[in-house]
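Visitor: Please take a close look at one part of this structure and describe how its pieces pack together. A connected account would suit me better than a list.

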Amino acid sequence: MFEANRSLLKSVCLLFLLASPLRAYEIVEVEGQPLAAQALRLADAFEFLGSPLDKATLERLRKACEVRDAAGIQGILDPLTLVNINVNPEARVKAARGKAEASIQQHAYTPFLIKVVNEAKVTSSLKVGSPQMGPVYSGGGAGKIPGAKDKFFHGEIFAAPPLMPTLSGLKVEYSILLVYSSEAGMREVNLSFDVGQGTQDLGFRSDV
């Protein structure tokens with residue numbers, strides 16, 4: 001669930017329901033140099049989006065990246081992850097709720113980390129959908145459609161520089177999910193992830 005702010009003094013919560021049991025994601029063995037390079041780009045992206053990592057976390061991350069410590073990088077970023085994605089060798093996508101708190105600002109995009117364990121080494125775009133998702137208008141607001149009260153949410157994968165528009169094919173990498181709500185208060189949202197048509201796993205396991 002997300003909790004959203006009505007103003008700068010209050011906040012909005014969206015609740016992500018698990019459509020499958022929560023799975024603990026362990027540290028995955030992966031090449032340290034490309035993961036370190038991607039982690040540093042992530043830090044730059046969070047700063048660009050106006051939500052920089054806190055100073056202590058950023059310092060720890062930079063030190064881990066300097067020595068290409070893949071396990072250390074994951075140990076720093078995983079607690080900040082909202083959703084864990086697993087793409088199995090058959091390119092089927094599973095999703096599970098991560099450890100990050102789902103608190104956002106109403107009428108503003110909030111960035112969250114997504115961890116992708118890419119066993120299939122796919123290099124297509126990661127996509128997100130939601131039955132609560134509505135259009136965002138230039139005047140502000142998501143889902144402001146007459147008679148469609150359930151359309152209050154918008155989410156998208158940040159795919160602009162310094163990040164790449166597609167997955168790299170590395171076994172482990174991180175993406176950024178931008179989350180927006182036009183309403184304040186506690187709200188439940190269902191998110192579905194895929195890397196192309198037909199890649200969602202069976203039994204709603206690609207949903208959180």
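Guide: What follows is an account of helix 3, its partner helix and the sheet beside it, with a short look at one edge strand. The model is predicted.

Helix 3 covers residues 70–77, and helix 2 covers residues 55–66. Their axes come within 8 Å and cross at roughly 165°. Since angles over 145 degrees count as roughly antiparallel, helix 2 is therefore roughly antiparallel to helix 3. The crossing of helix 2 past helix 3 is left-handed. On the side of helix 2, the residues that meet helix 3 are Thr 57, Arg 60, Leu 61, Ala 64 and Cys 65. Helix 3 contributes Gly 72, Ile 73, Ile 76 and Leu 77. Sorted by class, this contact between helix 2 and helix 3 holds 6 nonpolar, 2 polar and 1 charged residues.

Helix 3 also lies across strand 3, strand 6 and strand 9, and runs at about 15° to strand 9. These strands belong to an open sheet of 5 strands, ordered 4-3-6-9-8, with mixed pairing. At the edges are strand 4 (93–97) and strand 8 (153–157), each of which pairs on one side only. On average, neighbouring strands of the sheet are turned by 25° against each other, direction ignored. Strand 3 (residues 81–87) pairs with strand 4 in the antiparallel sense, over 5 bridges; within these two strands, Val 83 stands opposite Arg 97. Helix 1 (residues 32–48) packs on this sheet as well, where it touches strand 6 (110–118) and strand 9 (172–181). The direction of helix 1 makes about 20° with that of strand 9.

Within helix 3, Gln 74 deserves a separate look. Gln 74 counts as buried because its relative accessibility is 0%, and the cut-off for buried is under 20%. Leaving aside neighbours within four places in sequence, the contacts of Gln 74 are Glu 26, Ile 27, Val 28, Val 30, Leu 35, Pro 79, Lys 115, Val 172 and Tyr 174. Of these, Leu 35 falls in the residue range of helix 1, Lys 115 in that of strand 6, and Val 172 and Tyr 174 in that of strand 9.

At one edge of the sheet, strand 8 carries His 154. His 154 has a relative accessible area of 14%, so this residue is buried too. The C-alpha atoms of His 154 and Gly 134 are 6.1 Å apart, while the two residues are separated by 20 residues along the chain.

Conventions: Residues numbered from 1 in each chain as written. Predicted model: local features only at pLDDT ≥ 70, side-chain atom pairs only at ≥ 80, totals over all residues. Heavy atoms only, no water. Axes fitted to C-alpha atoms, helices over the stretch in contact; angles between N-to-C directions. Helix = DSSP H or I, 4+ residues; strand = E, 2+ residues; numbered from the N terminus. Parallel < 35°, antiparallel > 145°, perpendicular 65-115°, else oblique. Left-handed = near helix turned anticlockwise from the far one by under 90°. Contact = heavy atoms within 4.5 Å. Nonpolar A, V, L, I, M, F, W, Y, C, P; charged D, E, K, R; others polar. Buried < 20%, exposed > 50% of the residue type's maximum accessible area, 1.4 Å probe, protein only. Pairing = 2+ DSSP bridges.
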